[in-house]
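Got your viewer open? Let's take a walk through this chain, one selection at a time.

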Amino acid sequence: MKQHLIVEVFRSSKHDGMYLYVEKSKGLKEIPEELMSRFGKGISAMTMLLTKESKLARATPEKVIEGIREKGFYLQLPPAKDDCLLDLYKTPTEAVY
């Protein structure tokens, strides 16, 4: 089995940090409609040769290749917000002087 794929990466028009990896030759035409309605318009971010040695920011190449082979796509969700950063936006409940 080939351990590489030519993939196109699309970023979501609706959600920052959400990306969809698909096989370049197939594009977005086989992506389920429900997913595309949540994802929004796919904006092409890059095309790349994905191998198991590829370096990706938030996924392993093996997981991406496996997702594309099994489902026809790999969806990368935005990173979870760091709890300590969320504390910055909470209203203090009691002032200490």
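## The whole chain

Among contacts between residues at least 6 apart in sequence, 60% join residues at least 24 apart. Keep in mind that you're looking at a predicted model. Colour the chain by secondary structure and you'll have 3 helices and 4 strands to find. Going along the sequence, they follow the pattern β-β-α-β-α-β-α. Switch on the surface too: the accessible area of the chain comes to about 7,300 Å², and 54% of that belongs to carbon and sulfur atoms. Of the 97 residues in the chain, 32% are buried.

## Stop one: the sheet

Now hide everything but the strands. In what order do the strands lie in the sheet? The order is 3-1-2-4, in an open sheet of 4 strands with antiparallel pairing. Look at the edges next: strand 3 (42-51) and strand 4 (74-76) each have a single partner strand, so one side of each is left without a neighbour in the sheet. Turn the view and you can follow the twist, which averages 25° from one strand to the next.

What holds such a sheet together? Strands of a sheet pair through backbone hydrogen bonds, either parallel or antiparallel.

Let's go pair by pair:

- Select strand 1 (residues 4-12) and strand 3: they pair in the antiparallel sense over 9 bridges. Here Glu 8 stands opposite Thr 47 of strand 3, and the bridge partner of Val 9 in strand 3 is Met 46.
- Swap strand 3 for strand 2: 5 bridges join strand 1 to strand 2, and the two run antiparallel. Arg 11 stands opposite Tyr 19 in strand 2, while Glu 8 has Val 22 as its bridge partner in strand 2.
- Then take strand 2 with strand 4, an antiparallel pair with 3 bridges. Here Tyr 19 stands opposite Gln 76 in strand 4.

Before moving on, trace the link between strand 1 and strand 2. They form a hairpin with 6 residues between them. Click on Gly 17 in the turn: its phi is positive, about 85°.

## Stop two: Met 46

Zoom in on Met 46, which lies in strand 3. Met 46 is partly exposed, with a relative accessible area of 43%. Which residues does Met 46 touch, if you don't count those up to four places away in sequence? They are Val 7, Glu 8 and Val 9. For a distance to try in your viewer, pick the C-alpha atoms of Met 46 and Phe 10: they are separated by 7.2 Å, although the two residues are 36 residues apart along the chain.

## Stop three: helix 2

Bring the helices back and select helix 2. Helix 2 (residues 61-71) packs on the sheet and touches strand 1, strand 2 (19-23), strand 3 and strand 4. Its direction makes about 90° with that of strand 1.

Now show the side chains of helix 2. Which residues of helix 2 are buried? They are Pro 61, Val 64, Ile 65, Gly 67 and Ile 68. These buried residues cover an arc of only 160° around the axis, which puts them on the same side of helix 2. They pack against strand 1, strand 2, strand 3 and strand 4. Spin the helix around to its other side, where Lys 63, Glu 70 and Lys 71 are exposed. Just after helix 2 comes Gly 72, with a positive phi near 95°.

## Stop four: the nonpolar cores

Next, select these 12 residues together: Leu 5, Val 7, Val 9, Tyr 21, Met 48, Leu 50, Leu 56, Ala 59, Val 64, Ile 65, Ile 68 and Tyr 74. They make up the largest nonpolar core. Which elements give two or more residues to this core? Strand 1, strand 3 and helix 2 do.

Pick out Val 64, one of the buried residues of helix 2. Leaving aside neighbours within four places in sequence, Val 64 is in contact with Tyr 21, Leu 50, Leu 56, Ala 59 and Tyr 74. Apart from this largest core lies another one, of 9 residues. Finish by selecting some of its members, including Phe 10, Leu 20, Leu 35 and Met 36.

Key
Residues numbered from 1 in each chain as written. Predicted model: local features only at pLDDT ≥ 70, side-chain atom pairs only at ≥ 80, totals over all residues. Heavy atoms only, no water. Pairing = 2+ DSSP bridges. Axes fitted to C-alpha atoms, helices over the stretch in contact; angles between N-to-C directions. Contact = heavy atoms within 4.5 Å. Buried < 20%, exposed > 50% of the residue type's maximum accessible area, 1.4 Å probe, protein only. Arc of directions from axis to C-beta. Areas by Shrake-Rupley, 256 points an atom, 1.4 Å probe, with all protein chains shown as cover. Core = buried A, V, L, I, M, F, W, Y, C linked by side-chain atoms within 4.5 Å.
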